[in-house]
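Q: Please take a close look at one sheet and at what lies around it. I would like the strands taken one pairing at a time, with the terms explained along the way.

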Amino acid sequence: MQRPRINIVWFKRDLRLSDHLPLQQAIEAGLPILLLFCFEPSCMAHVDSSNRHWRFAWQGIEVLEQSLARMGIPLFWVHAEALETFQTLLQYAEIQSVYAYQETGNALSYARDQHMTAFFQKQRINWLEYPSGGVIRGLKHRNHWEQYWLSQMNAPLVHPDWAQLQVFVPPPDLLARLRAQPLPSQLYQNFPDFQPGGTHNAWRYLHSFLHSRHRQYFKQISKPAAARHSCSRISPYLTWGNISMRELWQATRHALNAGGDRYNLEQFGSRLFWHCHFIQKFESECRMEFENLNRGFDTLEKPVRPDWVQAWENGYTGFPLIDACMRCVNATGYLNFRMRAMLVSFLTHHLWQPWQQGVHHLARQFLDYEPGIHYPQFQMQAGTSGVNTIRIYNPVKQGQEHDPTGEFIRKWLPELAPLPTAHLHEPWKLSALEQKWLGWELGKQYPQPIVNLEQRATHAREVLWKWKKNESVKQENSRILKTHTKRKSENETLIMGDPAVQTGIFPAKKQK
Ligand SMILES: Cc1cc2nc3c(=O)[nH]c(=O)nc-3n(C[C@H](O)[C@H](O)[C@H](O)COP(=O)(O)OP(=O)(O)OC[C@H]3O[C@@H](n4cnc5c(N)ncnc54)[C@H](O)[C@@H]3O)c2cc1C
């Protein structure tokens with residue numbers, strides 16, 4: 001029997017039907033199309049992965065499936081490795097081309113893509129991969145990247161012409177073969193403390209942000225309780241491509257023109273730029289998943305204390321804001337930027353642990369886990385990028401400043417509820433008598449601090465500041481700046497992505 005000739009659109013982290021170039025191109029090519037998504041067991045079992053990620057992906061798939069079903073188009077999702085899936089598909093169809101977005105993923109997905117390239121070449125299948133979100137593969141320097149990014153964001157949206165789509169319907173026995181292994185049942189459960197996946201939810205979150213929530217955006221961005229409402233919360237939708245960066249960018253500009261708060265929307269817009277800046281950094285130097293970005297830090301000794309790492313992971317360090325943040329992210333998958341940075345700073349500076357000891361735990365907890373942002377950000381906060389200012393966040397001061405009433409700490413550490421606000425951030429300062437009056441005992445309901453905060457911060461500061469002056473660190477710094485930043489002139493360099501730098505990406509206000 002002759003196999004039908006088809007094209008395949010391979011969905012990865014682009015779970016949407018609008019502004020989707022591979023989809024549009026595949027439809028234009030004219031052959032019957034199979035729309036495919038693989039829940040790959042190897043990726044799902046990887047050290048940086050957790051069910052919460054795949055549940056979010058599943059929710060996105062379910063929405064796509066329903067939207068496509070209304071047009072009579074099936075979505076073929078399988079629980080199998082990509083290679084196995086394509087090998088099986090070849091028994092049923094002659095595949096002419098596979099259309100997909102380039103993925104800036106972890107080393108595992110990169111290796112998979114390399115295997116697939118070799119496989120497609122051997123099978124004489126065209127693999128057409130399209131750049132995603134302004135990120136350029138194989139980029140050697142950043143000289144014109146900013147302009148390229150802006151041109152991508154301001155270009156017209158790419159909408160597939162559904163009327164032209166011809167469908168390839170996979171036979172039922174093929175589906176049965178590739179879905180033989182069920183997905184974990186947890187993926188189908190509803191966890192109300194987590195953001196729900198899917199395109200409609202991406203737009204729901206975005207609309208409420210652009211309509212009103214953004215007005216408090218910058219004022220509350222560092223506050224662990226308030227930021228949950230006044231930040232956009234768009235990150236997991238970007239990670240899974242439920243909305244494209246271009247759609248997000250253009251909707252933000254539209255909101256600005258429609259009377260949105262300029263200052264807050266500009267702050268938000270500059271972070272959309274950072275999103276791609278960090279992914280570009282990782283795309284250009286992906287060894288930072290495992291190694292120090294600045295090799296000058298390779299010989300810095302940090303003895304591993306598994307008991308401290310465990311206390312950090314579970315939120316039992318004895319430092320209320322650290323523990324509240326960790327328990328919160330473990331339970332909900334979300335934490336605002338400042339508190340993420342503080343958790344990493346505490347692990348790598350106060351506890352003096354190698355960043356590799358904590359990077360996977362937080363990857364598993366963040367619902368928005370995006371390797372291209374996560375690894376560069378983690379290293380930036382750990383100080384191993386070399387070029388950025390090292391910040392050692394004092395969790396007591398952060399608590400007093402950003403959670404002054406203790407609302408956030410009390411929510412996540414109910415065992416501290418009896419404490420007066422004045423002592424909430426430093427429970428170890430309560431005298432034995434005060435503890436007795438409160439019917440509360442340090443070391444019983446809540447742990448003693450596992451380290452001396454001031455001593456550890458002083459130690460970290462002294463070692464790191466001295467270390468930064470090493471010749472090997474300086475040499476690496478100039479290499480890093482050349483690769484990852486835009487050269488303004490021979491001796492001037494702009495460190496894009498540093499929160500201190502404004503990009504000025506929105507057009508200037510019109511003069512009256
Ligand atoms: C150690 C560490 C790890 C991080 N890991 C991730 C990650 O895996 N995935 C992820 O999306 N973000 C990560 N971030 C960046 C940032 O904390 C989140 O993007 C942000 O908190 C998401 O919330 P939001 O969507 O409400 O952000 P908003 O403040 O509303 O910002 C809008 C969008 O801009 C982008 N953005 C905001 N801040 C940053 C930033 N500092 N760097 C890069 N992009 C930014 C995100 O795409 C975000 O969704 C990490 C930060 C740190 C310090």
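A: The sheet comes first, then the helix on it, then the domains.

The model is predicted, so local features are described where pLDDT is at least 70, side-chain atom pairs count at pLDDT 80 or more, and totals for chains, interfaces and linings use all residues. Residues are numbered from 1 along each chain, as its sequence is written.

The sheet is open and has 5 strands in the order β3-β2-β1-β4-β5, paired in parallel. Strands here are DSSP runs of E with at least two residues, helices are runs of H or I with at least four, and both are numbered from the N terminus. Two strands count as paired if DSSP finds at least two bridges between them. In general, strands of a sheet pair through backbone hydrogen bonds, either parallel or antiparallel.

The edges are β3 (75-78) and β5 (126-130). Each has a single partner strand, so one side of each is left without a neighbour in the sheet. From one strand to the next, the twist averages 25°.

Two of the pairings can be followed residue by residue. Strand β1 (residues 5-11) pairs with β4 in the parallel sense over 5 bridges. Within this pairing, Val 9 has Tyr 99 of β4 as its bridge partner. Strand β4 (residues 94-101) also pairs with β5, in the parallel sense and over 5 bridges. Here Val 98 stands opposite Trp 127 in β5, and Tyr 99 stands opposite Leu 128 in β5. Tyr 99 therefore has Val 9 as a bridge partner and Leu 128 opposite it in β5. In a regular strand, the side chains alternate between the two faces of the sheet.

A helix also belongs to this picture. Helix α3 (residues 51-70) packs on the sheet and touches β2 (33-38) and β3. The direction of α3 makes about 155° with that of β3. Axes are lines fitted to C-alpha atoms (for helices, over the stretch in contact), and angles run from 0 to 180 degrees between N-to-C directions.

On a wider view, the protein is divided into domain 1 (5-130), domain 2 (137-156 + 199-283) and domain 3 (295-494). These bounds come from an automatic or database domain assignment. Taken over C-alpha atoms, the centres of domain 1 and domain 2 are 26 Å apart. Their contact takes 12 residues from domain 1 and 15 residues from domain 2. Residues are in contact if their C-beta atoms, placed from the backbone, lie within 7 Å. On the side of domain 1 that touches domain 2, the residues divide into 4 nonpolar, 4 polar and 4 charged. Nonpolar means Ala, Val, Leu, Ile, Met, Phe, Trp, Tyr, Cys and Pro; charged means Asp, Glu, Lys and Arg; the others, Gly among them, count as polar.

The ligand has its place in this division as well. Domain 2 and domain 3 both give residues to the shell around the ligand, so the ligand lies between them. The residues of that shell divide into 14 nonpolar, 8 polar and 5 charged.

Methods. Contact = placed C-beta atoms within 7 Å.
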